[in-house]
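Hi everyone, thanks for making time. I'd like to walk you through one model this morning, moving from the inside to the outside. Please have a look at it first.

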Amino acid sequence: MVELITQQARPIPAGNIAATKFFKSPLAIPYLLLTPAIVVILAVVLLPLLISFWASFTGYVLTKPATLFQWVGLRNYQRLVNSADFWWAFGRTIVFITIALNLEMWLGLGLALLISKITFGQRTLRTIMMFPMMFSPILVGFQFKYLLNDAVGLVNNALFDLHIIHEPIAWLVDGWLANLSIIVTEIWMSTSVFAILLLAGLMALPKEPVEAARVDGCNPWQVFRHITLPFLMPFVYIAMTIRSLDVARAYDTVKIMTNGGPAQRTELLWTLMTRTGYTNSQMGLANAMGYISIILSIVFTFYFYRKLIAARAFMGGAQ
């Protein structure tokens, strides 16, 4: 009896009292409401990431589940370093991202400048401009695969009718033309992202500096070069960051249009990863490729973030 009274008389730790007060206060409501979403994210995103990270250090073969526990250390990463196919796909991915992002940026900037000059029907044009980014990458891949077909494709038929060519062009069979076709497809699908963001920047551009520059005798190119473009650079780098993370959608397009062919000349890092993991069943090696692609995405994101900070600092914005 004495021991029971003593236990009941023991003071409650201050930490428990503070936690109890916090969860009873209105401040805890947002955290409680977010708890289910956080649990789902941890289960759907974090857990598979941890499993795939573990698998990248194992000799996991898809058809042999027990190999998930076969620890091989850095052997998968060493195999990738010594693999010519991996380095070709890696280099092709870097070239693809660089060309696609730069062309999308300049074409999007041109579209934004043209639409900003239109006073009648601008809302309709903005809506139409968003159509390409609304299509599924798989659907876009099928569309361009049909357009560029060497036998029945509309592009070759149009060139024949215009007497520009006398024999069909193998757009998706020749290695160089196939890569060019994929880049054109990606540009058509995603240029509107840059155009919309840059158009928003042009609409937010203050009129006073532009009018002052014109009064001082600056020509249109000087106004664009020294006022409009520096003001738009933060928007450019925001769009670059979004697109560098989103460019992995090109997997769907490449898969449909060429499936990495001909002779793996259009193989990107993501298509090589899926072929290694699901066709060859080498999931450990494929997961190692996945984490290298994640590092690549982080590098591009960090680079554009630093550029964004520098552009905002140049324009006098917040750090």
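**From one serine to the surface**

Let's start with a single contact: the S293 side chain comes to 2.5 Å from the backbone oxygen of G290. Do keep in mind as we go that this is a predicted model.

Where does S293 sit? It belongs to helix α15, which spans residues 283-314. Is S293 buried or exposed? Its relative accessibility is 9%, so it counts as buried, the cut-off being under 20%. If we skip the neighbours within four places in sequence, S293 is in contact with L269, W270 and M273.

Now, on to the nonpolar interior. The largest nonpolar core holds 62 residues, and the members touching the most others are L80, F86, F96, I97, M240 and M289. Which element supplies the largest share of this core? That is α15, with eleven residues. In soluble globular proteins, nonpolar side chains tend to be buried together.

Take F96 as one example. Again leaving out neighbours within four places, F96 is in contact with I182, I183, E186, V247, A250 and L268.

Finally, the outside. There is a nonpolar surface patch of about 830 Å², and among its residues are I118, L125, F131 and W188. Two elements, α6 (122-129) and α7 (131-134), each give two or more residues to this patch, and α7 gives the most, with three.

M130, also part of the patch, lies in the loop between α6 and α7. Its relative accessible area is 31%, so M130 is partly exposed.

That's my tour; happy to chat.

Conventions:
Residues numbered from 1 in each chain as written. Predicted model: local features only at pLDDT ≥ 70, side-chain atom pairs only at ≥ 80, totals over all residues. Heavy atoms only, no water. Helix = DSSP H or I, 4+ residues; strand = E, 2+ residues; numbered from the N terminus. Buried < 20%, exposed > 50% of the residue type's maximum accessible area, 1.4 Å probe, protein only. Polar contact = N/O pair within 3.5 Å; in protein donor to acceptor, adjacent residues only side chain to side chain. Contact = heavy atoms within 4.5 Å. Core = buried A, V, L, I, M, F, W, Y, C linked by side-chain atoms within 4.5 Å. Patch = residues over 30% accessible without salt bridge, like charges linked within 9 Å, V, L, I, M, F, W, Y side chains within 5 Å. Areas by Shrake-Rupley, 256 points an atom, 1.4 Å probe, with all protein chains shown as cover. Salt bridge = Lys/Arg side-chain N within 4 Å of Asp/Glu carboxyl O.
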